[in-house]
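Let's take a look at how the domains sit and how one pair of helices packs. The model comes up next.

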Amino acid sequence: MTTTSIRKLLAASGLALTVSVVGQPAMAQDEGPIRVGILHSLSGTMAISESTLKDEMLMLIDKQNEAGGLLGRQLEPVVMDPASDWSLFAEQARDMLTGDDRVDVIFGNWTSASRKAVLPVVEELNGLLFYPVQYEGEESSENIFYTGAAPNQQAIPAVDYLMSQGVERWALLGTDYVYPRTTNKILEAYLKDHGVAEDDIMINYTPFGFSDWQSIVSQVKDFGSQGKKTAVVSTINGDANVPFYNELSNQGVSASDIPVVAFSVGEQELTGIDTAPLVGHMAAWNYFMSVDSDANYDFIDDWVAYTGDDNAVTNDPMEAHYIGFNMWLQAVEKAGTTDVDAVKDAIIGVTVPNLSGGWSAMMPNHHITKPVMIGEIQDDGQFSVVWQTPTTVAGDAWSDYLPESKNLISDWRAPLHCGKLNVESMQCEDGRGAE
Amino acid sequence: MTSMVMDKGPRLYRRSIAILLACLLTACGVCVGQNAMAAIDEPEARALLEALDTNDFQAKGEAAQAIAESSAEQKTRWLQALLDGRLGKQRRGENFYIVTDDSGREWPIIDAITFEDAGTGSRRTLDIFRINNNLRGQLQGLIASLTLSDGDEASRLAAAQRLVGEVDAASVDSVRANRDQEESPTVRHQLDVALALYAVEQGDAEALETLRGNLDTRVRNTLADIAAGDSALAARAQSVLDGIESKRAWYDRAQTLFFGLSAGSILVLAAIGLAITFGVMGVINMAHGELIMIGAYTTWLIQQALPGQPGLALLLSIPGGFLVAAAFGVVIERTVIRFLKGRPLETLLATFGLSLILQQLVRTLFSPLNRRVTSPDWLQGAWQINEALSLTLNRLGVLIFCLAVFAALWALMRYTRLGLEVRAVTQNRAMARAMGVRATRVDMLTFGLGAGVAGLAGVALSQLTNVGPNLGQGYIVDSFLVVVFGGVGNLWGTLVAGMSLGVINQILQPWVGAVLAKILVLIGVILFIQKRPQGIFAPKGRVS
């Protein structure tokens, strides 16, 4: 690493700790190791969730190197710590994608805010980003591959399931930022399409890290006592969930009265909570640690061995990285090079096994196919799958339930190359195809 | 795809409620053939368990029902294991097992039919039978009816409560008969309500009187339906309903007041240490939040040292949190603050730096992840005063704790020698020294006292929110707000300001949401300070 880039790095990371595995400088493109950027917060509020993904990527890279690397070359991780600071994400992505020691691919980001910050950087410098977390949709970038769930792969099926259970009243609770707001907008439109009255929908937003849930839970209790079966759809993010669930159990709201289905609570988040009073509350994901498949058990064994912690848990974003990493490996082998444009073309249609015993394919809109599952919380902090889509569902970048995006699709194959194609007017509004 | 099957779920569940309730109210066992208990042979037992091996929850529910009605000796244990998610079938084989301990990854298992030790199993070798919410409710009902031999008053009452709105033409006679035999007046009253509600549904106007003032939401919902209809009862039902609604509204107000006071008590606890260091000594201590965090971490540490005794640990944390935070306070005062006396800007920057150091220290020592502090049983759940009003025990505990801390602190400042010296030093430092008060020692003790009280706030907060390195950050702004609003240097001001901000916030929250409520409160305080810079309680007399 050259002195300038070290200085740049130090300036960018400020107080935060920056770990970087130093490689050979100024190699030609097809010699030396292949660099894999890992851009996850290792400090700050998101460290709870993101640091696990960093470890997982290191494990996957280790395993691949043991198996002989890629194209006969070794993989070399380049780890940075954007410290839960959205602008630092953009700066560090720029550092990763410039200079002689440019990375060939980035696996990273968790919050939508950080993804939105990195998006213009990877587009400008033509990088590759694999984004592993469920998100609000309404976006498609030529340089980003969305391996987490779009709303039609998580929120909509979850609501369908609750409707089939007789739920008629809906409390949509969320943390106040872009993902919950967009998801709730889609859900509200969807519920109204299905004949739910305005009065039967309650929407409430709270700040990050909120802990004073007493009046909101009591409001929900009141909302749910009007004689109609009520459910809470929770897009509450991060550690605000712990006091939220505690308040639910203290006020005696059990899953048989008012079930809560959450989109951001997984095995990792439940490790901080006593789950005995929460048994029966639900989460919707594309993977649960309790999923019954040999691929999953092998993955858990590897993970436990790698972390050295017998109680280590796996979760849905980890599966997304597992799928994304294997897809990228296959695409590089198919293209015979790590060149970004070649990999971008080669990866569409690539199909790899997922952890629930099926297969996931990369679609032309840079989203993947996944099964959707509903799990109920158990007293050991795990989820038991009570419902699952019969087949995998393809991610939809632009929601069909919002009037402004229902005519939009995304297709990055030649000759369209378009991330925002209006199928009515056949006008491309974003992407290479727009020019 | 499964919606048709699922729709039947609740109905099945409903039917089983009726069966269960009838069982609970009469002498139990008869309904499920407990008396005719005789061992069954192995093929029969196997067939009963085999029926559970399906992915259709409705079929599984019927299989559980069949087990409960069978004469198998093992049935209670089977149903309990199914409820606990510990009953399973061998993946490649025909045996059924019960997992006796499902922690870790290799579980000890026993044969489900003979209960003989069967070695170990794991996720890979066992198919655990899954249940969902409806099935869970049904299983709990079945187990209750199997294990309940003599239906004590509490379970009879619970059954009677569940009967409200469930009485129908088929069961009304048996409920009536039960009501006449019932000895306990509370259970009898509950049965009266259930019967009256049924009678009202049948058009009986007299029964309406029994329901007057009843706070049960099911009564309210039924009456609302009748009042909205055009039956002869509509007008009378409306008048009863109005009475119920206005009674509920009063309890709702009481509940909002409680929510407000409990939110306020957290503000007061967080701010009262600052009221001493900032209010009385004039030190702007940006590390105040981190002292709160230290108190919370002390609670966690004491709990780690005393596993299985969260109650005792919490009680010990009260002096523990105080002493640890006070020690940190004294060190901070000795090493930083006393050198910056009279230089508020530098104090502000130095203590802000300290707050970052303390946060990082905790991150390095205990990891950046949140720590889980368990609540003792007596701080979990709620005190149910009636159908419309319940007070959560952890909030109630914090409210009482807050008032106790305030009273102790007030007494300390008012009646002890230290309090006298503190007041003397803050009113006129030079004069106090001339009178023989050791001002530097008083400074140290005062700062330690303020820090210790912050530690107490941390002990209380560990019961309500996440214990993590960022715990204190969320409270520092609120604390300054409360102290400035209440009037600098005045403990009563802090109490009144904290409580009123809490109540105002809770009143606004349902109307405008949590974010806007906070903004409105902040704007309100800013405007108030513009009008009255000295806060609610102005310091009396000359302050030099």
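## Ground rules

A crossing is left-handed if the near helix is turned anticlockwise from the far one by less than a right angle, and right-handed if clockwise. This is a predicted model, where local features need pLDDT of at least 70, side-chain atom pairs count only at pLDDT 80 or more, and totals for chains, interfaces and linings use all residues. Residues are numbered from 1 along each chain as its sequence is written, while chains are lettered from A and ligands numbered from 1 in the order in which they are written.

## A helix pair in chain B

Helix 11 (residues 234-280) and helix 15 (residues 393-415) of chain B cross at roughly 40 degrees, their axes coming within 9 Å. So helix 11 of chain B is oblique to helix 15 of chain B (oblique covers what is left after under 35 degrees, over 145 and 65 to 115). The crossing of these two chain B helices is left-handed.

On the helix 11 side, the contact includes B:Leu261, B:Ile266 and B:Leu269; on the helix 15 side, B:Arg395, B:Cys402 and B:Phe406 are among them (contact puts C-beta atoms, placed from the backbone, within 7 Å). By class, the residues of this contact are eleven nonpolar, two polar and one charged.

## Domains

Chain B has domain 1 (3-147) and domain 2 (250-531), with C-alpha centres 51 Å apart.

In chain A, domain 1 takes in 3-150 + 296-370 and domain 2 takes in 152-291 + 373-394. Their C-alpha centres lie 29 Å apart, and 27 residues of domain 1 contact 23 of domain 2.

Technical notes
Domain bounds come from an automatic or database domain assignment. Axes are lines fitted to C-alpha atoms, for helices over the stretch in contact, and angles run from 0 to 180 degrees between N-to-C directions. Helices (H or I, at least four residues) and strands (E, at least two) are DSSP runs, numbered from the N terminus. Two residues are in contact if their C-beta atoms, placed from the backbone, lie within 7 Å. Ala, Val, Leu, Ile, Met, Phe, Trp, Tyr, Cys and Pro count as nonpolar, Asp, Glu, Lys and Arg as charged, and the others, Gly among them, as polar.
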